[in-house]
Amino acid sequence: MTNERVNVISFKWGTRYGADYVNRLQNSVQRHLTRPHRFVCFTDDPTGIQPSVETLPLPEIDLPMPAAVNGWRKISLFRNDLPLDGLTLFLDLDLVLTGSLDDFFTFGEPTDIPIIHNWVQRHKTIFRADPLIGNSSVFRFQANQCKFVWDQFHKEKDWALANFSPPQSYLTHCIRPRMKFWPDEWVRSFKRHCRPPFPFNWLLSPSLPPQARIIAFHGKPDPDEAAVGYRGSRLNHYSRPALWITDHWR
């Protein structure tokens, strides 16, 4: 039912992303999601996060370093004692929302776990299809109804940590029976779909794909860097200022 309250959640830990990333994400969700919702940030430091954001402690999970401070923490969302109920959309902090989020809650069946079809560098797909691996920057699940992921991880934790990199490849392994990929045009990669390929990245500004609802900034640059222009370690990493980011990321 489209009037039933849903959840939008994110994680913030460490120092890479400040409170402004949380605040901008919540502001963007409010602009782009029409149905009633609860916005929750699980964090180790709520300092500077605006009062309209509900902040909660990070769900507990026993992980060794460095897994304790990277994407492996997302497995903790599949516990069965989260202080949430109902359909839940996870969003990484380093996203720019550019269109409606409503369809992210009606896509597929409620028991499905939709996720991004991970992007692979173009030259790696010349002789093979894209591998069926998810990108966990945007995924949906039923809170407290997917403990099978949590249980499977704890049955094979040492093997999982030793054999899966990045962590989202293990999440894909666990959710495959319920996994669906979002429509490609809904979530686009800044590096793959906005920044022109070399050498045109030096001449043309990054563009916003017309049907995109979310732009993902995996790796570098981050949204604040891309907005003003970014010079990376290689010529093909350079991007001119993406002025449209300022309009959407606020």
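Analyst: A charge is said to sit over a ring if NZ of Lys or CZ of Arg is within 6 Å of the ring centre and within 35 degrees of the ring normal. The structure to which this is applied here is a predicted model.

User: How do you know that the charged end of Arg 73 sits over the ring of Trp 13?

Analyst: The charged end of Arg 73 is 5.9 Å from the centre of the Trp 13 ring, and the limit is 6 Å. The pair is listed as a charge over a ring, so the angle condition of 35 degrees is met as well. Arg 24 is placed in this way over the ring of Trp 249, at 4.1 Å from the centre.

User: In which aromatic cluster does Trp 13 take part?

Analyst: Trp 13 forms one cluster with Phe 11, Phe 42, Phe 78, Phe 90, Phe 139 and Phe 141. Across the whole structure, 22 aromatic pairs are found; rings count as a pair if their centres lie within 6.5 Å.

User: Why is Ser 76 called buried?

Analyst: Its relative accessibility is 0%, and buried means under 20%; Ser 76 is therefore buried. Ser 76 belongs to the loop between strand 3 (54-57) and strand 4. Leaving aside residues up to four places away in sequence, Ser 76 touches Phe 11, Pro 59, Glu 60, Ile 61, Leu 82 and Trp 150.

User: What makes His 193 partly exposed?

Analyst: The relative accessible area of His 193 is 25%. Partly exposed lies between under 20% and over 50%, so His 193 counts as partly exposed. This residue of helix 5 touches Trp 119, Arg 188, Ser 207 and Pro 209, not counting residues up to four places away in sequence. His 193 and Ile 215 are 22 residues apart in sequence, with their C-alpha atoms 9.0 Å apart.

User: How do you know that the span of helix 1 agrees with the expected one?

Analyst: Helix 1 has 14 residues, 19-32, and at 1.5 Å a residue these should span 20 Å. The end C-alpha atoms are 20 Å apart, so the two values agree. Among the buried residues of helix 1 are Tyr 21, Val 22, Leu 25 and Val 29. The elements against which its buried residues pack include strand 1 (6-12), strand 2 (37-43) and helix 6 (223-228).

User: Which residues are closest to the centre of the largest pocket?

Analyst: The largest pocket has a volume of about 850 Å³. Of the 31 residues that line the largest pocket, Arg 16, Gly 71, Lys 74, Asp 92 and Asp 94 are the closest to its centre. Strand 1, strand 7 (134-143), helix 4 (167-175) and helix 5 (190-194) each give two or more residues to the lining.

Definitions and conventions:
Residues numbered from 1 in each chain as written. Predicted model: local features only at pLDDT ≥ 70, side-chain atom pairs only at ≥ 80, totals over all residues. Heavy atoms only, no water. Helix = DSSP H or I, 4+ residues; strand = E, 2+ residues; numbered from the N terminus. Expected span 1.5 Å × (residues − 1). Buried < 20%, exposed > 50% of the residue type's maximum accessible area, 1.4 Å probe, protein only. Contact = heavy atoms within 4.5 Å. Phe/Tyr/Trp six-rings, centres within 6.5 Å; stacked < 30°, edge-to-face > 60°. 1 Å grid on protein atoms, 1.4 Å probe; cavity = no way out; pocket = protein on both sides within 12 Å on 5 of 7 lines; lining within 4 Å. Points joined across faces, edges and corners; volume = space filled by probe spheres on them.
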